[in-house]
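Welcome to this short tour! Open your viewer, get ready to select residues, and follow along stop by stop.

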Amino acid sequence: MKTNIKTHNEISKDIIGAAIKIHKVLGPGLLESVYEEVLYYELTNNLGYKVQRQKAIDVVYEGIKMEKGFRADLIVENKVLIELKSVQTVIDVFKKTTLTYLRLSDLKLGLLLNFNESKLIDGITRIVNNL
(Lines give C-alpha, C1' and ligand atoms only; values in the text may rest on other atoms or scores of the structure.)
Protein backbone atom coordinates (compact mmCIF):
# COMPACT_ATOMS: atom_id res chain seq x y z
CA MET A 1 0.00 0.00 0.00
CA LYS A 2 1.36 3.42 -0.94
CA THR A 3 2.08 5.64 2.02
CA ASN A 4 3.05 8.81 0.19
CA ILE A 5 0.20 11.19 -0.55
CA LYS A 6 -0.38 11.76 -4.24
CA THR A 7 -2.23 14.62 -5.87
CA HIS A 8 -5.40 14.21 -7.90
CA ASN A 9 -3.38 14.64 -11.08
CA GLU A 10 -0.75 12.07 -10.09
CA ILE A 11 -3.45 9.53 -9.28
CA SER A 12 -5.24 10.36 -12.53
CA LYS A 13 -2.04 9.78 -14.50
CA ASP A 14 -1.59 6.35 -12.88
CA ILE A 15 -5.23 5.42 -13.57
CA ILE A 16 -4.93 6.40 -17.22
CA GLY A 17 -1.67 4.48 -17.57
CA ALA A 18 -3.27 1.38 -16.06
CA ALA A 19 -6.36 1.73 -18.27
CA ILE A 20 -4.21 2.05 -21.41
CA LYS A 21 -2.22 -1.04 -20.39
CA ILE A 22 -5.45 -3.00 -19.92
CA HIS A 23 -6.87 -1.79 -23.23
CA LYS A 24 -3.70 -2.82 -25.09
CA VAL A 25 -3.96 -6.33 -23.65
CA LEU A 26 -7.73 -6.92 -23.77
CA GLY A 27 -8.82 -4.59 -26.56
CA PRO A 28 -12.20 -2.91 -26.95
CA GLY A 29 -15.70 -4.37 -26.81
CA LEU A 30 -15.87 -6.30 -23.54
CA LEU A 31 -18.46 -5.66 -20.84
CA GLU A 32 -17.85 -2.74 -18.49
CA SER A 33 -17.76 -5.19 -15.58
CA VAL A 34 -14.70 -6.91 -17.09
CA TYR A 35 -12.79 -3.64 -17.36
CA GLU A 36 -13.87 -2.71 -13.84
CA GLU A 37 -12.56 -5.99 -12.43
CA VAL A 38 -9.22 -5.75 -14.24
CA LEU A 39 -8.74 -2.02 -13.50
CA TYR A 40 -9.51 -2.65 -9.83
CA TYR A 41 -6.87 -5.42 -9.82
CA GLU A 42 -4.32 -3.23 -11.59
CA LEU A 43 -4.85 -0.27 -9.25
CA THR A 44 -4.88 -2.25 -6.00
CA ASN A 45 -2.41 -5.07 -6.62
CA ASN A 46 0.05 -3.53 -9.06
CA LEU A 47 -0.09 0.14 -8.03
CA GLY A 48 -1.02 -0.23 -4.34
CA TYR A 49 -3.97 2.16 -4.30
CA LYS A 50 -6.94 2.01 -1.97
CA VAL A 51 -9.93 1.55 -4.29
CA GLN A 52 -13.62 1.21 -3.55
CA ARG A 53 -15.79 -0.68 -6.07
CA GLN A 54 -19.48 -0.07 -6.67
CA LYS A 55 -19.55 2.25 -3.68
CA ALA A 56 -23.06 3.27 -2.75
CA ILE A 57 -23.32 7.04 -2.33
CA ASP A 58 -26.21 8.48 -0.37
CA VAL A 59 -28.06 11.49 -1.69
CA VAL A 60 -29.36 14.17 0.67
CA TYR A 61 -32.41 16.04 -0.57
CA GLU A 62 -34.11 18.71 1.53
CA GLY A 63 -32.31 17.39 4.57
CA ILE A 64 -33.48 13.81 4.01
CA LYS A 65 -30.89 11.14 3.41
CA MET A 66 -31.78 8.89 0.49
CA GLU A 67 -29.64 5.81 0.89
CA LYS A 68 -27.77 4.51 -2.11
CA GLY A 69 -28.67 7.28 -4.51
CA PHE A 70 -26.11 5.88 -6.95
CA ARG A 71 -23.12 3.57 -7.14
CA ALA A 72 -19.72 4.82 -8.18
CA ASP A 73 -17.87 2.30 -10.36
CA LEU A 74 -14.50 2.99 -8.72
CA ILE A 75 -13.21 5.59 -6.27
CA VAL A 76 -9.43 5.77 -5.91
CA GLU A 77 -7.87 7.05 -2.65
CA ASN A 78 -11.11 8.93 -1.90
CA LYS A 79 -9.97 11.45 -4.51
CA VAL A 80 -10.76 10.27 -8.04
CA LEU A 81 -14.07 8.85 -9.23
CA ILE A 82 -13.97 6.55 -12.26
CA GLU A 83 -17.03 5.98 -14.41
CA LEU A 84 -16.50 3.09 -16.84
CA LYS A 85 -18.22 2.66 -20.18
CA SER A 86 -17.96 0.28 -23.10
CA VAL A 87 -20.23 2.02 -25.59
CA GLN A 88 -20.19 3.06 -29.24
CA THR A 89 -20.35 6.77 -28.41
CA VAL A 90 -19.93 8.77 -25.21
CA ILE A 91 -22.97 11.02 -25.11
CA ASP A 92 -23.29 14.24 -23.13
CA VAL A 93 -25.51 12.65 -20.49
CA PHE A 94 -22.59 10.40 -19.41
CA LYS A 95 -20.46 13.49 -18.81
CA LYS A 96 -23.26 15.25 -16.94
CA THR A 97 -23.92 12.17 -14.83
CA THR A 98 -20.25 11.88 -13.91
CA LEU A 99 -20.20 15.55 -12.87
CA THR A 100 -23.33 15.02 -10.77
CA TYR A 101 -21.70 12.00 -9.11
CA LEU A 102 -18.68 14.17 -8.30
CA ARG A 103 -20.84 16.89 -6.76
CA LEU A 104 -22.93 14.46 -4.70
CA SER A 105 -19.89 12.56 -3.45
CA ASP A 106 -17.97 15.81 -2.79
CA LEU A 107 -15.07 14.65 -4.97
CA LYS A 108 -13.07 16.96 -7.20
CA LEU A 109 -11.92 14.81 -10.13
CA GLY A 110 -13.59 12.20 -12.27
CA LEU A 111 -12.47 10.13 -15.23
CA LEU A 112 -15.01 8.84 -17.72
CA LEU A 113 -13.31 5.94 -19.48
CA ASN A 114 -14.87 4.42 -22.59
CA PHE A 115 -13.05 1.17 -23.37
CA ASN A 116 -14.93 0.67 -26.64
CA GLU A 117 -12.48 2.76 -28.68
CA SER A 118 -9.74 1.63 -31.05
CA LYS A 119 -7.33 3.80 -29.05
CA LEU A 120 -8.29 4.28 -25.41
CA ILE A 121 -6.87 7.82 -25.42
CA ASP A 122 -9.90 8.76 -27.57
CA GLY A 123 -12.21 7.42 -24.85
CA ILE A 124 -10.85 9.37 -21.89
CA THR A 125 -12.80 12.34 -20.55
CA ARG A 126 -11.53 14.27 -17.53
CA ILE A 127 -14.27 15.94 -15.51
CA VAL A 128 -13.63 18.35 -12.66
CA ASN A 129 -15.76 19.63 -9.81
CA ASN A 130 -14.15 22.79 -8.41
CA LEU A 131 -10.65 21.34 -8.59
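Begin with the whole chain, coloured by secondary structure: read along the sequence, it follows the pattern α-α-β-β-β-α-β-β. That gives 3 helices and 5 strands. Here helices (H or I, at least four residues) and strands (E, at least two) are DSSP runs, numbered from the N terminus.

Before you zoom in, note that this is a predicted model, in which local features need pLDDT of at least 70 and side-chain atom pairs count only at pLDDT 80 or more, while totals for chains, interfaces and linings use all residues. Residues are numbered from 1 along each chain as its sequence is written, and side-chain values use heavy atoms, with hydrogens and water left out.

**Stop 1: the whole chain**

Turn the C-alpha trace around: along its principal axes it spans about 45 × 40 × 25 Å. The radius of gyration (taken over C-alpha atoms) is 14 Å, close to the 14 Å from the globule rule (2.2 Å times the number of residues to the power 0.38) for 131 residues, so the chain is as compact as a globular protein of that length. Of the 131 residues, 40% count as buried, meaning under 20% relative accessible area, with exposed over 50% and partly exposed in between (1.4 Å probe, protein chains only).

**Stop 2: two helices that cross**

Now select residues 8-26, helix 1, and residues 32-46, helix 2: their axes come within 10 Å and cross at roughly 130°. These axes are lines fitted to C-alpha atoms, for helices over the stretch in contact, and angles run from 0 to 180 degrees between N-to-C directions.

Which residues of helix 1 and helix 2 make the contact? Show the side chains of Ile-15, Ala-18, Ala-19, Lys-21, Ile-22 and Leu-26 on helix 1, then Val-34, Tyr-35, Val-38, Leu-39, Glu-42, Leu-43 and Asn-46 on helix 2. Contact means heavy atoms within 4.5 Å.

**Stop 3: Gln-54**

Next, select strand 1 (residues 51-61) and find Gln-54 in it. Phi of Gln-54 is near 45°, a positive value in a residue other than glycine. Is Gln-54 buried, partly exposed or exposed? With 32% relative accessibility, Gln-54 counts as partly exposed.

**Stop 4: Asn-78**

Finally, go to the loop between strand 2 (64-76) and strand 3 (80-85), where Asn-78 lies. Asn-78 is not a glycine, yet has a positive phi of about 55°. Its relative accessibility is 44%, so Asn-78 counts as partly exposed.
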